[in-house]
Amino acid sequence: MTVRSSQNRLIVVSNRLPVVISREPDGNWQIGPGSGGLVTALDPILKNRGGVWIGWPGTAEDASPELERVLDSAIEDSGYELKPIILTNEERDNFYHGFSNEIIWPLFHDLQSLCNFVPQYWDAYRSVSLKFSKMIRRCARPSDYIWVHDYHLMTLASDLREAGLKSSIGFFLHIPFPPPDIFLKLPWRFEILKALADYDLVGFQTLRDRRNFIQCLRLAFDEVLIQGKGHVISIRVGGREFRAGNFPISIDFAEFAKAAALPKIKAEASTIRGDLLNCQLILGIDRLDYTKGIVYRLKAFRKVLEQYPGLLGKVVLVQVVVPSREDIPQYFDLKARIERLVSEINGQFSRSGWVPIHYFFRALNRSELMAYYRAADLALITPLKDGMNLVAKEFCAAKVDDQGVLILSEFAGAAAQLQRGALLVNPYHIEEVAEAIHQGFHMPDEKRRFRMRKLRRSIRDHDIFWWVDSFLKAAFGSHLDDFPPLEDYIPKSSLFSDEGISAKA
Ligand code: GDG
């Protein structure tokens with residue numbers, strides 16, 4: 001029998017490789033390191049123990065011959081292997097845009113009416129999964145640990161098992177897992193549940209998601225046996241036994257705080273504030289996505305201006321929308337709705353020297369992002385549903401002076417962890433969000449500091465490295481007793497407790 005330990009070689013599998021590939025004006029391909037929490041956390045681990053990262057390079061099929069050469073040069077820099085999965089244009093459309101982003105993404109965010117259940121999308125999802133499976137079997141040694149990420153690759157373990165692979169395989173879902181009455185709308189619901197049960201460990205962001213998953217299993221299978229009471233449990237179903245756990249993803253807190261404290265960022269933040277002439281700055285930063293609640297948020301901002309005329313000329317909302325998935329019609333429409341609303345609100349309230357909403361439709365570079373986090377008085381983060389929401393954690397990490405108010409949706413995974421320091425809101429409740437903005441605006445400095453300190457402490461103690469460690473411990477630990485409820489580390493959300501919804505903030 002192969003002995004596996006937390007020091008075994010790691011094979012990371014995700015839809016995208018951890019590199020950014022682009023074509024220069026002279027036609028040559030350029031490759032650079034990817035950014036984001038997952039790369040930051042897994043890069044040192046892969047370098048240290050060796051391993052492979054398998055994923056789609058994000059380029060069209062005609063790039064493939066040249067790509068091999070470019071990726072080879074990146075391997076030398078990264079210290080571990082990168083294995084590209086080349087998708088045809090049809091696979092990209094049906095697997096990535098189609099099944100992943102027109103079915104699973106809206107459904108798992110409870111927005112089933114936005115789903116487009118096209119049968120061919122499922123065929124493409126299955127065939128791309130087989131493509132990934134083939135590549136893994138080419139690379140994997142029996143003692144490797146295979147860690148698969150996210151909703152694009154839920155059926156991968158079952159393909160690997162079918163092909164006889166014996167290695168341990170873990171899976172982490174970065175987005176929420178929906179409750180049964182929503183999940184069961186999926187025409188391929190049994191296939192997905194059975195496939196997830198083929199992993200050895202299935203990780204979710206929160207207890208909410210893990211509970212939803214178990215409820216779905218109970219409805220789909222005759223017998224589901226659960227063992228354990230901690231944040232990692234064992235599930236026996238349909239002749240399989242596997243583990244499931246909740247592991248809230250996080251950020252590299254120390255690195256964020258250090259970067260935000262740089263004099264250059266401080267100066268950039270002062271310039272931003274100087275331009276706003278004594279106004280309090282409310283910040284919203286999101287990818288263009290209907291799950292992020294941008295339209296409701298703008299309506300709440302309009303409401304607060306209507307309700308409290310004393311705020312006119314004293315508050316500015318900086319709303320950054322990062323372009324994303326614009327080739328899907330719903331995203332294109334969403335952009336138009338946001339822009340119409342921004343212009344209506346600005347048209348209604350602007351006066352000489354003051355415009356209430358500053359709207360950016362572009363990505364900020366990293367130092368701009370840091371400077372806006374530092375400059376903001378309030379962060380308004382109101383997704384309709386979110387796996388975690390890293391912007392909320394980054395905003396707090398950047399608040400090196402402990403000043404700032406976080407207004408956060410109850411339906412962001414981050415709410416379970418950050419509820420005690422944030423002002424929690426129901427993002428659909430326009431009046432309630434408007435009240436929270438008003439409350440945040442008037443919150444005294446001392447109270448702001450007290451709350452922000454709590455938030456920062458919790459994120460610092462549960463950073464991205466803690467997250468990787470917790471997942472791998474759950475994968476390799478032998479006894480369930482070694483995994484106490486996560487509430488021991490992180491305050492339990494009263495929202496998702498058995499007592500039901502509690503009073504807010
Ligand atoms: C998925 C889940 C889960 C944003 N604007 C700019 C920018 N960003 C960066 C942020 C942050 C990231 O993008 C967004 O992360 P989120 O977590 O908020 O959201 P998703 O992209 O939807 O991520 C989510 C996450 O996976 C991890 O598991 O938390 O729930 O949906 O890091 O900093 N970066 C730059 N400029 C911008 O304008 N440079």
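In this predicted model, an oxygen atom of the ligand is 2.5 Å from an N or O atom in the side chain of Glu394. Two further polar pairs involve the backbone of the protein: a nitrogen atom of the ligand pairs with Leu364, and an oxygen atom of the ligand pairs with Asn389. The table sets out the three distances.

| Residue | Atom of the residue | Atom of the ligand | Distance |
|---|---|---|---|
| Glu394 | side-chain N or O | oxygen | 2.5 Å |
| Leu364 | polar backbone atom | nitrogen | 2.7 Å |
| Asn389 | backbone N or O | oxygen | 3.0 Å |

Taken alone, the ligand exposes 730 Å², and the protein buries 79% of that area. Strand E12 (280–287), helix H13 (366–375) and helix H14 (390–398) are the elements that each give two or more residues to the shell around the ligand. Of these, H14 gives the most, with three residues.

How many residues surround the ligand? There are 19, and the closest are His174, Leu364, Asp386, Leu390 and Glu394. By residue class, the shell has eleven nonpolar, four polar and four charged members.

The next part concerns the chain as a whole. The protein chain contains 18 helices and 17 strands. Its C-alpha trace spans about 70 × 60 × 45 Å along the principal axes. A compact globule of 505 residues would have a radius of gyration near 23 Å; the protein chain has 23 Å, so its value agrees with that of such a globule.

Burial and contacts add to this description. Of the 505 residues, 59% count as buried. Among the contacts in the protein chain with a separation of 6 or more, 76% are between residues 24 or more positions apart. The accessible surface of the protein chain comes to about 20,800 Å², and carbon and sulfur atoms account for 50% of that surface.

One residue can be looked at individually. Asp198 sits in the loop between helix H7 (189–196) and strand E8 (201–204). Is Asp198 buried or exposed? Asp198 counts as buried because its relative accessibility is 18%, and the cut-off for buried is under 20%. Leaving aside neighbours within four places in sequence, Asp198 is in contact with Ala157, Ser158, Arg161 and Arg240.

Technical notes:
Residues are numbered from 1 along each chain as its sequence is written. This is a predicted model: local features need pLDDT of at least 70, side-chain atom pairs count only at pLDDT 80 or more; totals for chains, interfaces and linings use all residues. Side-chain values use heavy atoms; hydrogens and water are left out. A residue is near a molecule or strand if one of its heavy atoms lies within 4 Å of it. A polar contact is a pair of N or O atoms within 3.5 Å; within protein, one must be able to donate a hydrogen and the other to accept it, and residues adjacent in sequence count only if both atoms are side-chain atoms. Accessible areas come from the Shrake-Rupley method with a 1.4 Å probe; for residues, only the protein chains shown count as cover. Helices (H or I, at least four residues) and strands (E, at least two) are DSSP runs, numbered from the N terminus. Ala, Val, Leu, Ile, Met, Phe, Trp, Tyr, Cys and Pro count as nonpolar, Asp, Glu, Lys and Arg as charged, and the others, Gly among them, as polar. The radius of gyration is taken over C-alpha atoms; the globule rule is 2.2 Å times the number of residues to the power 0.38. Buried means under 20% relative accessible area, exposed over 50%, partly exposed in between (1.4 Å probe, protein chains only). Contact means heavy atoms within 4.5 Å.
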